[in-house]
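Let's take a walk through this one, a piece at a time. Keep the viewer open and turn the model as you read.

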Amino acid sequence: MQEYRELLLQGIKPLQIELTDPQIDQLLAYHGLLVKWNKAYNLTAVRDPAAMIGRHLIDSLSVLPWIGEGRLLDVGSGPGLPGIPLAICRPDLQVTTLDSNGKKTRFQVQVKAELGLDNLQVINGRVEAVEEPPFDMVISRAFASLQDMLDLSGHLCAPSGVFLAMKGLYPDSEIEQIPSGYTLKESHRLELPVSDGERHLLVLGSV
């Protein structure tokens, strides 16, 4: 446990974010549940618990400086990434996670109960079939393309809201294919100390 705490503390240093001790404890509790459940339910392809700290927790936390106020939807959340780490670190934020895989959403419901995350809502379903009031932010680290993200989840983002797409290499070809009515507002290269490659956050919105 101490090893994972040190990896987490070392990893967030370059991110310029401040977390409380209880938030660190909750993040590590989530990590512990993910490691435990992953053995039986194959929630993530990352098997090594130490690697999960960097590939999942630090990666999710790297976008914190660009998370605004209001309601956030995490589309294709898998085992709750980045939604659950964001819900832990931003208790003022109303976070909804969405995934069509029942095993993964059942895990998320268990995390919500064990960690007492009152600001987290978990939905099991397909994004195109979900009917919810529009969100201020729609985030994803799992969508295949920007075009798919905007086409499938466009109805879930408020007119003044933003889409936050977490990507690896800067996706020039995907940006060229952004559907009409949308535009790239900002892009940020994420400085991750334990990443195996480049990571970018793209902020998109209505024209």
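When a helix or strand is named here, it is a DSSP run (H or I of at least four residues for helices, E of at least two for strands), numbered from the N terminus. Keep in mind that this is a predicted model, so local features need pLDDT of at least 70 and side-chain atom pairs count only at pLDDT 80 or more, while totals for chains, interfaces and linings use all residues. Residues are numbered from 1 along each chain as its sequence is written, and side-chain values use heavy atoms, with hydrogens and water left out.

Start at the front end of the chain, with two helices. Helix α1 covers residues 2-12 and helix α2 covers residues 21-41; they pack at an angle of about 120°, and their axes are 11 Å apart. The axes are lines fitted to C-alpha atoms, for helices over the stretch in contact, and the angle runs from 0 to 180 degrees between N-to-C directions. That makes α1 and α2 oblique to each other, given that angles under 35 degrees count as roughly parallel, over 145 as roughly antiparallel, 65 to 115 as roughly perpendicular and the rest as oblique. The α1/α2 crossing is right-handed; in this scheme the near helix is turned clockwise from the far one by less than a right angle, and anticlockwise would be left-handed.

So which residues of α1 and α2 meet? On the α1 side they are Y4, R5, L8, L9 and I12, and on the α2 side I24, D25, L27, L28 and H31. Sorted by class, the contact of α1 with α2 holds seven nonpolar residues, one polar and two charged. Here Ala, Val, Leu, Ile, Met, Phe, Trp, Tyr, Cys and Pro count as nonpolar, Asp, Glu, Lys and Arg as charged, and the others, Gly among them, as polar. Contact, by the way, means heavy atoms within 4.5 Å.

Now look at the loop between α1 and α2, which includes Q16 and I17. Q16 isn't a glycine, yet its phi is positive, near 55°. Q16 is exposed, at 76% relative accessible area, whereas I17 counts as buried at 16%. The cut-offs: buried is under 20% relative accessible area, exposed is over 50%, and partly exposed is in between, with a 1.4 Å probe and protein chains only. Leaving out residues up to four places away in sequence, I17 touches I12, L61, L64 and P65. For a sense of scale, the C-alpha atoms of I17 and P179 are separated by 33 Å, with their positions 162 residues apart along the chain.

At the other side of α2, in the loop between α2 and α3, sits N42. N42 also has a positive phi, about 50°, although it is not a glycine. N42 is partly exposed, with a relative accessible area of 47%. Further along, the peptide bond from L81 to P82 is cis, with omega near 5°. P82 lies in the loop between β1 (71-75) and α4 (83-89).

Next come the charged pairs. Side chains of opposite charge can pair when their charged atoms come close. How many salt bridges does a search of the whole structure find? It finds nine, where a salt bridge is a side-chain nitrogen of Lys or Arg within 4 Å of a carboxyl oxygen of Asp or Glu. One to look at joins D59 and R141, at 2.9 Å from N to O. This pair links distant parts of the chain, 82 residues apart: D59 is in helix α3 (residues 49-61), and R141 is in the loop between β4 (135-140) and α6 (146-153). D59 is buried at 3% relative accessibility, while R141 is partly exposed at 21%. D59 and R141 are also linked with R199 in a network of salt bridges.

Another pair is R126 with E128, at 3.2 Å from N to O. R126 is exposed at 53%, and E128 is partly exposed at 40%. G125 lies in the loop between β3 (120-124) and β4, and touches L98, D99 and S100, not counting residues up to four places away in sequence.

Finish in the loop between β4 and α6, where you'll find S145. S145 is buried, with a relative accessible area of 18%. With residues up to four places away in sequence set aside, S145 touches K167 and E174.
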